[in-house]
Amino acid sequence: MNKKHKNNRVRRAGANELVSRKEQVVDSLKLPKDLLLGASIVTLTGNHEAWIENYKGIIEYSDTFVLLQGKTCQICIMGKGLSIDYYTNEDMKISGWITCVRYE
């Protein structure tokens, strides 16, 4: 999207500005962010179970580390004895001893 400045120069809006505008519209209309912005949802039950929704794929997987690709970031789940109990194209369940969830 182009914007005119004082000097009549045209400046392109950066990706961050576009995301911010999308978020503002979604917030003002009270619409679910996960559907419209593609945000991943991570739900933890204690430190033994994680449900992940709206992920794109599994990048790396071991019993101590699961790295997932989301639409806007990567999600890293670390722990011991981790296993993917269930997964589809839309959601997955990871169980084990979860010590850390990090967004990269």
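The following questions and answers examine the salt bridges, burial and strand pairing of this predicted model.

In this predicted model, local features need pLDDT of at least 70 and side-chain atom pairs count only at pLDDT 80 or more, while totals for chains, interfaces and linings use all residues. Residues are numbered from 1 along each chain as its sequence is written, and side-chain values use heavy atoms, with hydrogens and water left out.

Q: Why is the pair Lys-93 and Glu-49 called a salt bridge?
A: A salt bridge is a side-chain nitrogen of Lys or Arg within 4 Å of a carboxyl oxygen of Asp or Glu. The closest N and O atoms of Lys-93 and Glu-49 are 3.2 Å apart, so the pair satisfies that limit. The structure holds two salt bridges, and this pair is one of them.

Q: What makes this pair a link between parts that are 44 residues apart in sequence?
A: Lys-93 lies in strand E8 (residues 91-103) and Glu-49 in strand E4 (residues 49-53), so the salt bridge ties those parts together. Strands (E, at least two residues) are DSSP runs, as are helices (H or I, at least four residues), and the numbering starts at the N terminus.

Q: Why does the contact between the side chains of Lys-93 and Glu-49 also count as polar?
A: A polar contact is a pair of N or O atoms within 3.5 Å; within protein, one must be able to donate a hydrogen and the other to accept it, and residues adjacent in sequence count only if both atoms are side-chain atoms. The two side chains make such a contact at 3.2 Å, so the distance falls within the limit.

Q: Which residue forms a salt bridge with Arg-102?
A: The partner is Glu-104, with the closest N and O atoms 2.6 Å apart. That distance is within 4 Å, so the pair meets the definition.

Q: Why are Glu-49, Arg-102 and Glu-104 called partly exposed, whereas Thr-99 is called exposed?
A: Buried means under 20% relative accessible area, exposed over 50%, and partly exposed in between (1.4 Å probe, protein chains only). Glu-49 has 23%, Arg-102 has 37% and Glu-104 has 43%, so these three residues fall into the intermediate class. Thr-99, at 52%, counts as exposed.

Q: How do you know that Asp-91 has no salt bridge?
A: The nearest side chain of opposite charge, Lys-93, is 11 Å away, where Lys and Arg count as positive and Asp and Glu as negative, with His and the chain ends not counted. A salt bridge needs a separation within 4 Å, so this pair does not qualify. Asp-91 is nevertheless buried.

Q: What surrounds Asp-91 in strand E8?
A: The side chain of Asp-91 makes a polar contact with the side chain of Thr-88 at 2.8 Å. Leaving aside neighbours within four places in sequence, Asp-91 is in contact (heavy atoms within 4.5 Å) with Trp-51, Ile-52, Glu-53, Tyr-55 and Tyr-86.

Q: Which residues does Thr-99 contact beyond its neighbours within four places in sequence?
A: Thr-99, found in strand E8, is in contact with Met-78 and Gly-79. The C-alpha atoms of Thr-99 and Met-78 are separated by 5.8 Å, although these residues lie 21 apart along the chain.

Q: How do you know that E7 and E8 pair?
A: Two strands pair if DSSP finds at least two bridges between them. E7 and E8 pair in the antiparallel sense over 10 bridges, so the threshold is met. Lys-80 has Trp-97 in E8 as its bridge partner, and a hairpin of three residues joins the two strands.

Q: What makes E3 and E5 the edge strands of the open sheet?
A: The six strands follow the order E3-E4-E8-E7-E6-E5, with antiparallel pairing. Strand E3 (41-45) and strand E5 (55-61) each pair on one side only. E3 pairs with E4 over five bridges, with Thr-43 standing opposite Trp-51. E5 is joined to E6 by five bridges, with Tyr-61 opposite Val-66.

Q: How many bridges join strand E6 to strand E7?
A: Five bridges join strand E6 (residues 65-70) to strand E7 (residues 74-87), which run antiparallel. That number satisfies the requirement of at least two, so the strands count as paired. Gln-69 has Gln-74 in E7 as its bridge partner.
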